[in-house]
Amino acid sequence: METEDYYGDGNSTTYEEDYSDNDASLDDYYDDEETTEQQVTAGERNALDKAYRYLNSSAFSKSGLMEQLEYEGFTKSEAKYAVNNCGANWKEQAAKKAAQYLRSQSFSRSGLIEQLEYEGFTSKQARYGVKKAYK
């Protein structure tokens, strides 16, 4: 137990600090963290690894990458985990895809936006990608 003059008026207040609750909550925190890590399945980890490999070699929209992963045999849940955790910037993916198209084909701006939307990019992502690719 410690005594401390909280108010500076000469009257001391006695209190006892109990750190056991703090320790318990830290233990609970770490247990929850481990549980969360353990909840990632092998299929989800493999889908995420495959997503990284695809994104390193080509540009994909979020829905396009989901479809590709499902085509590879991953479940919808595993593919969804991968696209939500791969860290892709979908606007930048649209810009890369637009640049890929322009290297091999001729497109008007509106035609390229349409193509990117067909590939699964949102209208906003497609417009961003075309604007960046047409610099």
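**Entry 1: cysteine 86.** I began with cysteine 86 and set aside its neighbours within four places in sequence; the residues in contact with cysteine 86 are then Leu48, Ala51, Tyr52, Leu55 and Leu65. I note that the model I am reading is predicted.

**Entry 2: the largest nonpolar core.** I next looked up the largest nonpolar core, which has 15 residues. Cys86 is among the members that touch the most other members, together with Ala51, Leu65, Leu69, Ala82 and Val83. I then asked which helices each supply at least two residues of this core. They are α2 (42-57), α3 (62-71) and α4 (76-85). The largest share, five residues, comes from α2. I recorded one general point here: in soluble globular proteins, nonpolar side chains tend to be buried together.

**Entry 3: another core.** Apart from the largest core, I found another core, of ten residues. Its members include Ala98, Tyr101, Phe107 and Ile113.

**Entry 4: helices α6 and α7.** I turned to a pair of helices. Two packed helices are described by the angle between their axes and the distance between the axes. For α6 (residues 109-118) and α7 (residues 123-133), I noted that the axes come within 9 Å and cross at roughly 135°. Because of this angle, α6 is oblique to α7. I entered their crossing as right-handed.

**Entry 5: where the two helices meet.** I listed the residues on each side. From α6 these are Arg109, Leu112, Ile113, Leu116 and Glu117, and they meet Ser123, Ala126, Arg127, Val130 and Lys131 in α7. Sorted by class, this contact has five nonpolar, four charged and one polar residue. Ile113 thus appears twice in my notes, in the ten-residue core and in the contact of α6 with α7.

Terms used
Residues numbered from 1 in each chain as written. Predicted model: local features only at pLDDT ≥ 70, side-chain atom pairs only at ≥ 80, totals over all residues. Heavy atoms only, no water. Core = buried A, V, L, I, M, F, W, Y, C linked by side-chain atoms within 4.5 Å. Buried < 20%, exposed > 50% of the residue type's maximum accessible area, 1.4 Å probe, protein only. Helix = DSSP H or I, 4+ residues; strand = E, 2+ residues; numbered from the N terminus. Contact = heavy atoms within 4.5 Å. Axes fitted to C-alpha atoms, helices over the stretch in contact; angles between N-to-C directions. Parallel < 35°, antiparallel > 145°, perpendicular 65-115°, else oblique. Left-handed = near helix turned anticlockwise from the far one by under 90°. Nonpolar A, V, L, I, M, F, W, Y, C, P; charged D, E, K, R; others polar.
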